Amino acid sequence: MNQNSFRSIQISGFGFWLTLLAIVWLLSSIGLGWLVKSVFVLIGIILLMPVVAFLGFRWWLKRNLVIDRCPVCGYESAGINNTQLRCPSCSEPLKVEHKHFHRLTPPGTVDVDAIDVTVKQIED
Ligand SMILES: [Zn+2]
């Protein structure tokens, strides 16, 4: 099913290039070489686009990829800056902020720190 639709896209793509070639040949034959040149420049830009996008994505990933340890269990994992993720080890919801993982407490939850209670022994 999926392969069939992929194949039809490939065939229509080939037809597109054939049509384009015919148009280019027609235009150059009636002396519109400059138009053909500008079209080739455009095609060059279109072909370069994925490369530029890939390099841009890599640059962005380098800037935004955060590798830190889970504050709950200490498991090291990677996340994208300013996104939320779940720790793969303890499945604690975490938020990536300022190049570090922070615990994501659901709204309304009060995080209580344990207070050191000194036990006084009553002597008799
Ligand atoms: Zn964890």
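Modeller: Before we start, a donor here is an N, O or S atom within 2.8 Å of the metal. Keep in mind that this is a predicted model.

Biologist: Okay, which residues coordinate the zinc ion?

Modeller: The contacts run at 2.2 to 2.3 Å, and each one is made through an SG atom. In sequence the donor residues follow the spacing C-x2-C-x13-C-x2-C. The residues holding the zinc ion are C70, C73, C87 and C90.

Biologist: And what arrangement do the 4 donor atoms make around the zinc ion?

Modeller: Ideal angles for four tetrahedral donors are 109.5 degrees. Four donors count as tetrahedral if all angles lie between 85 and 135 degrees. Here the angles are 107 to 117 degrees, so the arrangement is tetrahedral.

Biologist: Which strands stand at the edges of the sheet?

Modeller: The open sheet has 3 strands in the order β3-β4-β5, paired antiparallel. Each edge strand has a single partner, so one side of it lacks a neighbour in the sheet. Those edge strands are β3 (84-86) and β5 (100-103).

Biologist: Which residue in the turn of the β4 and β5 hairpin has a positive phi?

Modeller: Strand β4 (residues 93-97) is joined to β5 by 4 bridges, and K95 sits opposite H102 in β5. The hairpin leaves 2 residues between the strands. The one with a positive phi, about 50 degrees, is H98.

Biologist: Last one: which residues make the nonpolar surface patch?

Modeller: The patch covers about 490 Å². One of its members, L55, lies in helix α2 (residues 33-64). The full set is L48, V51, V52, F54 and L55.

Methods. Residues are numbered from 1 along each chain as its sequence is written. This is a predicted model: local features need pLDDT of at least 70, side-chain atom pairs count only at pLDDT 80 or more; totals for chains, interfaces and linings use all residues. Side-chain values use heavy atoms; hydrogens and water are left out. Patches are made of residues with over 30% relative accessible area and no salt bridge: like charges are joined within 9 Å, nonpolar side chains (Val, Leu, Ile, Met, Phe, Trp, Tyr) within 5 Å. Accessible areas come from the Shrake-Rupley method with a 1.4 Å probe; for residues, only the protein chains shown count as cover. A salt bridge is a side-chain nitrogen of Lys or Arg within 4 Å of a carboxyl oxygen of Asp or Glu. Two strands pair if DSSP finds at least two bridges between them. Donors are N, O and S atoms within 2.8 Å of the metal (3.2 Å for Na, K and Ca); water is not among the atoms, so sites may look incomplete. Four donors count as tetrahedral if all angles lie between 85 and 135 degrees; four count as square planar and six as octahedral if opposite donors are over 155 degrees apart and all others between 65 and 115; anything else is irregular.
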